[in-house]
Amino acid sequence: MLLLIQYTLIFASVLVLVALGGCFSEHSGVINIGLEGIMVIGALGGALMMKYLPGGTAAPIVILLVILASVLIGMIFSLLLGVAAIKFNADQTLIGTALNLLGPAIAVVLVRAINTAESVDNVSSTVAYGHAKKAFIVNIGKFEFNWFMLIALLVLAASYIILYKTKFGLRLCACGEHPQAADSVGINVYKMRYAGVIISGALGGLGGLVYITAGVSEWKFENGVAGFGFLALAVMIFGQWRPVNIGLAALLFGLFRALSNVYTGFDALVALKLPSTVYNMLPYIISLVVLVFVSKKSRAPKAEGIPYDKGQR
Amino acid sequence: MRKEPKKKESLLRNSGFQTIIGSLLCIIIGLLIGYIVLLIINPGGAGKAIIAILKNFLYYPSATAATKYFGTTLVKASALLMCSLSVLFAWKVGLFNIGAAGQYVIGVGACLYCGLKFGLPWYVCLAAAIIIAAIVGGISGALKAYFNVNEVISCIMLNWIGLYSVNMLLAKVKEQSTPYTKPLASTNKSALLPNMGLDTLFANNEFVTIGVILSIIMAIVVWVVLEKTKFGYELKATGMNKNAAKYCGMREKRNIILTMMIAGGLAGFGAGIFYLSGIEQWMVQQTSVPAMGFNGIAAAFLGGSNPIGAVFSSYFIQHITSGGTYVDKTMYCTQISDLISAFIIYLCGFVLFFKMWLNRYLDKRDEKLAAKGQKGGEA
């Protein structure tokens, strides 16, 4: 049971971070389908940082540097979307898809190049970071507390405050609802949209890092992040683009994702004799069902996905 | 003398011509970025590696081997063409079918299960692949039409659901000792697509079947349906403006569902012609959706979302993907081609902007020319 709670919380942390990233981007008016790719790249940055940090580094510094690496790389990568979508009016879905393909491709090529350079026979795309990962974990009895759980909670609270209680957040939302109106009162729509995309890159990158450190101590980058970026988008829609609801939705989705890891520990579930594949499918099936119920009354930002054209009325 | 530049200009202004230039630019820049990445990894063999990617089957010195692998590339390209048609068809109706990958997987499951478990002939297997994949596509369409579910997200969810279910299904027809499905050639020969003599053209490459021809015919059919029929016009109108289409008496919900069903069917067709050629066996422990569907997106946009353009772009994408396997593996990895095609998709997003810029540039030049002409006249 404790294990289930632990996994639920850590997967929910991933989903919360990435979904909030999507939330910021969409509130500014840019659809970010590329979160999956951003997650992979962020994870890559974090993993490489963990790999190359010397063994004796103090835990707080490890945490800080690794997070910084993921966040920064995520931000830079998200600029690919920002520049294309905001400056060049490119189709946001197409660019997002390109990011999703680019992310894993860059990660695999880079990791393999590093591995092959270390030894010619090593053609795997795996990065091991066992020792550095320990910095993130504090054992409280049998419960493995991960600092990321706290960070996710803090980000959630901060997002709520930023989106609803600050000038910046309200302006950001205005740009996603009616950019022409926002522009007419002197808000720089382009700047706001860049801000939204870059925040989503930072949170997406961080989410990727959390995902690869959840449970395992090495990551094979050929696998990407198994559709988690899209699950996060489903969480965002289920949460109706509101931080608090996103938090609750993430817990629900995290629970179903955690079940596939730990269902063998529950006699009742084992007695059902379902193949493990069913549990793997569960988060995706649930999200489809959930989307059916919540999409009809969608509260999506009205101007999302539409390139801002100053001349348009 | 005056006529000539004018003629050249009308060509430059031609939208189709602009698209071709845009796509070629995407390819060149994409390859250039790939080359730079290779240079960064290992400057020594970068030139050789990029040539290996571009040469693909020409890597083999003997003509027989080269023809044979040309055939293999064609077989893969034909499946890719179907996936790209699937993406393209939906795109023309304003839908983004990122689910081509999942529909393709479902098609694989349907045709291999029919062929291996029930011993059915190839046309039944192919039909099963098309129908089941069309149903899966239709689910996304129906969710979009009736519940306003974003088709991109529902497609991705269905991709994963499809992958896991197909793994589960095909585990029943796998070989005892390996994670691969039984080979069609030894289990059920009737499920293999007929060669119709095409294999002899490609140095007896038995995988070259009528599938290659069928895929090109399908490309033409898709073009005719989209451009020359009332049905295609209605679908495109629905894509442009759902409400206007509804106002004009079109059944917009039906159109959305039908579009996704056709898109799904096309992807399923691709799965059928690829796996029923016996070229590959399905690995039932796969943890990621095959890249075919995603490369289909690259091919669709590189081809300027035109079915005939897709024929060429699919071949090109497959050519460099296959070419990636010939790079020097002590220095580089085969995924470098994936990186290049991903960059190409990214660059395709800029084609529209490129066209706008080109038109504006031409306008300015015309204005200048006109002004000059006026001045000349006055003087």
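Student: How many helices and strands are there in chain B?

Tutor: Chain B has 17 helices and 0 strands. Here helices (H or I, at least four residues) and strands (E, at least two) are DSSP runs, numbered from the N terminus. Before we go on, this is a predicted model, in which local features need pLDDT of at least 70 and side-chain atom pairs count only at pLDDT 80 or more, while totals for chains, interfaces and linings use all residues. Residues are numbered from 1 along each chain as its sequence is written, chains are lettered from A and ligands numbered from 1 in the order in which they are written, and side-chain values use heavy atoms, with hydrogens and water left out.

Student: What does chain A hold in the way of helices and strands?

Tutor: In chain A you will find 13 helices and 4 strands. Its radius of gyration is 20 Å, close to the 20 Å that the globule rule gives for 313 residues, so chain A is as compact as a globular protein of that length. That radius is taken over C-alpha atoms, and the rule is 2.2 Å times the number of residues to the power 0.38.

Student: Which radius of gyration does chain B have?

Tutor: Chain B has 23 Å, which agrees with the value near 21 Å for a compact globule of 379 residues. You can also look at the spans along the principal axes. For chain B, the C-alpha trace spans about 90 × 60 × 40 Å. The C-alpha atoms of chain A fill a box of roughly 60 × 50 × 30 Å.

Student: How do I read burial and contacts, and what share of chain A counts as buried?

Tutor: Let's start with the terms. Buried means under 20% relative accessible area, exposed over 50%, and partly exposed in between (1.4 Å probe, protein chains only). By that rule, 58% of the 313 residues of chain A count as buried, and 52% of the 379 residues of chain B do. A contact means heavy atoms within 4.5 Å. Among the contacts in chain A with a separation of 6 or more, 79% are between residues 24 or more positions apart; in chain B, that share is 76%.

Student: Could you show me one residue, say B:Val152: is it buried or exposed?

Tutor: B:Val152 is buried, with a relative accessible area of 3%. It sits in helix α7 (residues 151-170) of chain B. Leaving out residues up to four places away in sequence, B:Val152 touches A:Ile33, A:Thr93, A:Phe230, B:Phe96 and B:Ile98. By contrast, its C-alpha atom is separated by 32 Å from that of B:Leu116, 36 residues apart along the chain.

Student: How do I look for empty space, and how many cavities does the structure hold?

Tutor: Rolling a probe the size of a water molecule over the atoms shows where empty space is left. A cavity is a set of points on a 1 Å grid over the protein atoms alone where a 1.4 Å probe fits but cannot get out, and lining residues have an atom within 4 Å of a point. The structure holds 3 cavities of 30 Å³ or more. About 90 Å³ lies in the largest cavity, whose lining includes A:Gln6, A:Tyr7, A:Ile10 and A:Lys133. Two elements of chain A, α1 (2-27) and β3 (143-146), each give two or more residues to that lining, and α1(A) supplies the largest share, 3 residues.

Student: And which residues line the second largest cavity?

Tutor: They are A:Val30, A:Ala85, A:Ile86, A:Asn89, A:Gln92, A:Tyr190, A:Arg193, A:Pro307 and A:Tyr308. Here α3 (59-87) and α9 (189-213) of chain A are the elements that give two or more residues. The volume of the second largest cavity is about 50 Å³.

Student: What is the phi of A:Asn89?

Tutor: Most residues other than glycine have a negative phi. A:Asn89, though not a glycine, has a positive phi of about 50°. A:Asn89 lies in the loop between α3 and α4 (92-118) of chain A, and is partly exposed, with a relative accessible area of 32%.

Student: Where is A:Trp241, and is it buried or exposed?

Tutor: A:Trp241 is in the loop between α10 (228-238) and α11 (243-262) of chain A. With a relative accessible area of 4%, A:Trp241 is buried. Its phi is also positive, near 60°.

Technical notes: 1 Å grid on protein atoms, 1.4 Å probe; cavity = no way out; pocket = protein on both sides within 12 Å on 5 of 7 lines; lining within 4 Å. Points joined across faces, edges and corners; volume = space filled by probe spheres on them.
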